[in-house]
Each structure stands twice: as structure tokens, then as C-alpha cells.
Amino acid sequence: MRAKAMFSLGLLMLIFATLLAHVGAQGYTLTNFRWTDETVADLRYTYDSYLDQKWTGPVFWSATGSWEYHVDGVPDFTEVSSGEDISIESWESYENGVLAYWQPVDYQWNGVFYWLYYSVIKINTWYIEECYYTCDEHRQRIAAHELGHALGLGDLYGTFDEFKLMYGWDNYVDTGIYDPKDDDINGLWAIYGV
Ligand SMILES: [Zn+2]
């Protein structure tokens, strides 16, 4: 998720998107990664010991809960202290505008992606230790968005995507999007549904 500096343009897009939100549902994008059926039924996550308690309290707990049980009982998340599938880690970078990112360790054969072994979510503490507008709600939006990547969903950048969780820009305007919306869930079905 990237920070968006142009506040006025963001607000104009927000108004425009509000007016036209019902016109152009553009669905979701997939990254071609998926967990095996066994793994997604018990996705184990852990926190890096340096991550601030602002993140390891209700924020990721709520974010994992917001994704759970939408597709025939999956995904199901469990916090563990070791042996994790997803590692949630702190990171500090001053200049690149990235608030957080997800990184896979995958299986590939002949250049084709098949499944995930392991993945990492990095939280950039430089940008988001301080509150801009909504504090915990903003953190939960970032946490839930990165978990969407960890499940196999890609970013969306369209004009009509602002009210989906997988919208890739974060302009610190409170859009009220803290959990997966219909198109985000449809993407989950596309990956893990039968
Ligand atoms: Zn993203």
C-alpha cells in the first residue's frame, strides 16, 4: 500500500467515486499465488518481536477475523509463536512512500507460479507509527489490505476501486474501508472456491 500525497486530487476522486460507485464494478485482481487447501484451512501467523503493540493487539486480530470463513470455512487464521506461514514484521524506510508490503516465498516451475510456502508482511513504522486521521482504524485497513495480498489478491488502482479493501492507494482520507467488501470477497472465491 502506498501513500498518496495529493490530498486535493484524492478528495476530488473520492467525490467522483462516490457519485459513480454504482456504475463501474471492476471486480478484483489476482496475483496467481495461492495457499494449498490444507494450509489455507489453518493459516498460522506470527509477529516479529520488534513490532509495536499498536499492531499486535486488536489490529491484526480484527483484520484476520474480517477475512475468515467467507469461502467454505476458509481462510482460518491462528496466531502461533513459531512454525508460521505468515510472518508480520516491522521495517523502517524513509523515502519510498510504501506504508506496508507483502512478499511471497513461492513454488515455481517453468516460470509459472503455483503455491506459497511462506510469506512476510512488512509494516513501515516510519510512516504509520503516528496517527493521521483514524489511528487504529487506519492500521486495521492496512493490516486487512496486506492480508488480502497474503491470500492471493492484487492491488486495484481504478477510479471505481476506492471503496474496495484492495485499493492500492492510501491517502489518509478515512474512506471507512477497514475490511473486505463484496469484490474483495469475490476475489477470495475465485482463488479458493470450488
Ligand atoms: Zn497493496
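In the predicted model, five strands form an open sheet with the order β3-β2-β4-β6-β5, and the pairing within this sheet is mixed. The edges are occupied by β3 and by β5 (100-109), each of which has a single partner strand, so that one side of each is left without a neighbour in the sheet. From one strand to the next, the twist averages 30°. Helix α6 packs on the sheet, where it touches β4, β5 and β6 (112-124), and the direction of α6 makes about 10° with that of β5.

Followed from the β3 edge, the sheet begins with the pairing of strand β2 (residues 43-47) and strand β3 (residues 77-79), which run in the parallel sense and are joined over three bridges; within this pair, Tyr-45 has Glu-79 of β3 as its bridge partner. Strand β2 also pairs with strand β4 (residues 86-91), again in the parallel sense and over three bridges. In this second pairing, Thr-46 has Ser-87 of β4 as its bridge partner, while Tyr-47 stands opposite Ile-88, likewise a residue of β4. As a general point, the side chains of a regular strand alternate between the two faces of the sheet.

The pairing of β4 with β6 is also in the parallel sense and extends over six bridges, with Glu-89 standing opposite Lys-122 of β6. Between β5 and β6, by contrast, the pairing is in the antiparallel sense and comprises 10 bridges, among them the one in which Tyr-107 is partnered by Trp-115 of β6. The hairpin formed by β5 and β6 has two residues between the strands, and in it Asn-110 takes a positive phi near 55°.

Helix packing was examined for helix α4 (residues 58-67) and helix α6 (residues 136-151), whose axes come within 8 Å and cross at roughly 50°. The two helices α4 and α6 are therefore oblique to each other, and their crossing is right-handed. On the α4 side, the contact is made by Val-59, Phe-60, Ser-62, Ala-63, Thr-64, Ser-66 and Trp-67, which meet Asp-136, Arg-139, Gln-140, Ala-143, Ala-144, Leu-147 and Leu-151 of α6. Classified by residue type, the contact of α4 with α6 contains eight nonpolar, four polar and two charged residues. Helix α6 is thus in contact with α4 through these residues and also packs on the sheet, touching β4, β5 and β6.

Backbone geometry outside the regular elements was also considered. In general, most residues other than glycine have a negative phi, and most peptide bonds are trans. A cis peptide bond nevertheless joins Val-74 and Pro-75, with an omega of about -5°, and Pro-75 is placed in the loop between α4 and β3. Asn-32, although it is not a glycine, has a positive phi of about 75°; this residue is found in the loop between α1 (7-20) and α2 (37-40).

With regard to the confidence of the prediction, the mean pLDDT of the protein is 85, and 85% of its residues reach 70 or more. Over residues 6-25, however, the pLDDT is below 50, and beyond near neighbours in sequence this stretch has 20 contacts in the model.

Definitions and conventions. Residues are numbered from 1 along each chain as its sequence is written. This is a predicted model: local features need pLDDT of at least 70, side-chain atom pairs count only at pLDDT 80 or more; totals for chains, interfaces and linings use all residues. Two strands pair if DSSP finds at least two bridges between them. Helices (H or I, at least four residues) and strands (E, at least two) are DSSP runs, numbered from the N terminus. pLDDT is the predictor's confidence in each residue, from 0 to 100. Two residues are in contact if their C-beta atoms, placed from the backbone, lie within 7 Å. Axes are lines fitted to C-alpha atoms, for helices over the stretch in contact, and angles run from 0 to 180 degrees between N-to-C directions. Angles under 35 degrees count as roughly parallel, over 145 as roughly antiparallel, 65 to 115 as roughly perpendicular and the rest as oblique. A crossing is left-handed if the near helix is turned anticlockwise from the far one by less than a right angle, and right-handed if clockwise. Ala, Val, Leu, Ile, Met, Phe, Trp, Tyr, Cys and Pro count as nonpolar, Asp, Glu, Lys and Arg as charged, and the others, Gly among them, as polar.
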